[in-house]
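Please open the structure in a viewer and keep the selection tool at hand. The tour proceeds by short stops, each with something to select and something to notice.

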Amino acid sequence: MIRKAIPSEIDSIMSLTRACAKKMIAEGILQWNEHYPDRNSFLSDIERSELFVFISEETPIACIVISSHKDEVYNSVKWLTSDKGNYYIHRLAVHPDHQHKGLARKLMDFAETYVRERKGVSIRLDTFSKNPRNQKFYEARGYQRLDDVYFPKQSNHPFYCYELLISPAIESM
């Protein structure tokens, strides 16, 4: 079941994202570290009602942020659409014990439906340049790779930005 996260779940959410970070680091994917994702970001996501969790046996085993807020780092990106009616995906994570079961797909299906129901124009996201599995995942869903952004506290390597047009009537910029 996917639903909005509640404040009492923050420790479980931090535990699942730390487990993801540990697994990625072991695989040589230095995408998440002690700086990110952080507790304050998740608390803000909960306050804005933008953090969703996949619940199994009353415990969050996966999460996703669906936000209408554009972070400043994205201002330099040449997006396919103007900055109106866009949603941003952040902090998609599936606990390693539950990976390879289609949960990321279910979370993205949920996010895309969520945005369509709100008459969103597009979904924007970034993924680490050294994470080819994520790149393949988003590209297979129809996301178009655009410009790069950098998160210096996370990595010296770029993050690739992607956008998926939601409304068929949208014209490219």
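The stops below begin with a helix and continue through strands, cores, rings and backbone details. Please bear in mind throughout that this is a predicted model.

**Stop 1: helix α1**

Select residues 10-26, which make up helix α1. This helix has 17 residues, and the distance from its first C-alpha to its last is 24 Å, close to the 24 Å expected at 1.5 Å a residue. Next, colour Ile10, Ile13, Met14, Leu16, Thr17, Ala19, Cys20, Ala21 and Met24, which are the buried residues of α1. What covers them? Show α2 (39-47), β2 (51-56), β3 (59-67) and β4 (86-94), which are included in that cover. A general point helps in reading such a pattern: an α-helix has 3.6 residues a turn, so residues three or four places apart point the same way.

Then move just past the helix to glycine 28, which follows α1 and has a positive phi, near 80 degrees.

**Stop 2: strands β2, β3 and β4**

Select β2 and β3 together. These strands run antiparallel and are joined by six bridges. They form a hairpin with two residues between them, and in the turn glutamate 57 has a positive phi of about 50 degrees. Now add β4, which runs antiparallel to β3 and is joined to β3 by five bridges.

Alanine 62 is a convenient landmark here. Phenylalanine 54 stands opposite alanine 62 in β3, and alanine 62 also stands opposite valine 94 in β4. How many of the nine residues of β3 are buried? Eight of them are, and the strand is therefore mostly covered, buried meaning under 20% relative accessible area.

**Stop 3: the nonpolar cores**

In soluble globular proteins, nonpolar side chains tend to be buried together. To see a case of buried nonpolar residues here, show the side chains of Ile13, Trp32, Phe42, Leu51, Cys63, Tyr74 and Val77, which have the most contacts inside the largest nonpolar core, a set of 29 residues. At least two residues of this core come from each of α1, α2, β2, β3, β4, β6 (144-149) and β7. Which element supplies the largest share? It is α1, with seven residues.

Centre the view on cysteine 63. Among the residues that cysteine 63 touches are Ile13, Leu16 and Thr17, as well as Phe42, Leu51, Arg91 and Leu107. Apart from the largest core lies another core, of 24 residues, among them Tyr87, Leu92, Ile123 and Tyr143.

**Stop 4: aromatic rings**

The whole structure contains 13 aromatic pairs. One of them joins tyrosine 138 and tyrosine 162, and it is tilted, with 6.3 Å from centre to centre and 40 degrees between the planes. The pair links distant parts of the chain, since tyrosine 138 belongs to helix α4 (residues 132-140) and tyrosine 162 to strand β7 (residues 159-165), 24 residues apart. Tyrosine 138 counts as buried because its relative accessibility is 5%, and tyrosine 162 is buried as well, at 0%.

Next, select Phe52, Tyr87, Phe110 and Tyr114, which form one aromatic cluster. Keep Tyr114 in view and add arginine 118, which lies over the face of tyrosine 114 at 3.5 Å from the ring centre.

**Stop 5: arginine 91**

Select arginine 91, which lies in strand β4. Its charged end sits over the ring of phenylalanine 42, 5.8 Å from the ring's centre. Is arginine 91 buried or exposed? It is buried, because its relative accessible area is 11%, which is under the 20% limit. Its backbone also deserves attention, as phi is near 50 degrees, a positive value in a residue other than glycine.

**Stop 6: further backbone details and a loop**

Most residues other than glycine have a negative phi, and most peptide bonds are trans. With that in mind, select serine 49, in the loop between α2 and β2, where phi is positive and near 60 degrees. Serine 49 counts as partly exposed, at 33% relative accessibility.

Then go to the loop between α1 and α2, where proline 37 lies. A cis peptide bond joins tyrosine 36 to proline 37, with omega about -5 degrees.

Finish at histidine 69, in the loop between β3 and β4. Histidine 69 counts as partly exposed, at 45% relative accessibility. A distance drawn from its C-alpha atom to that of tyrosine 143, 74 residues apart along the chain, spans 19 Å.

How values were computed
Residues numbered from 1 in each chain as written. Predicted model: local features only at pLDDT ≥ 70, side-chain atom pairs only at ≥ 80, totals over all residues. Heavy atoms only, no water. Helix = DSSP H or I, 4+ residues; strand = E, 2+ residues; numbered from the N terminus. Expected span 1.5 Å × (residues − 1). Buried < 20%, exposed > 50% of the residue type's maximum accessible area, 1.4 Å probe, protein only. Contact = heavy atoms within 4.5 Å. Phe/Tyr/Trp six-rings, centres within 6.5 Å; stacked < 30°, edge-to-face > 60°. Lys NZ or Arg CZ within 6 Å of the ring centre and 35° of its normal. Core = buried A, V, L, I, M, F, W, Y, C linked by side-chain atoms within 4.5 Å. Pairing = 2+ DSSP bridges.
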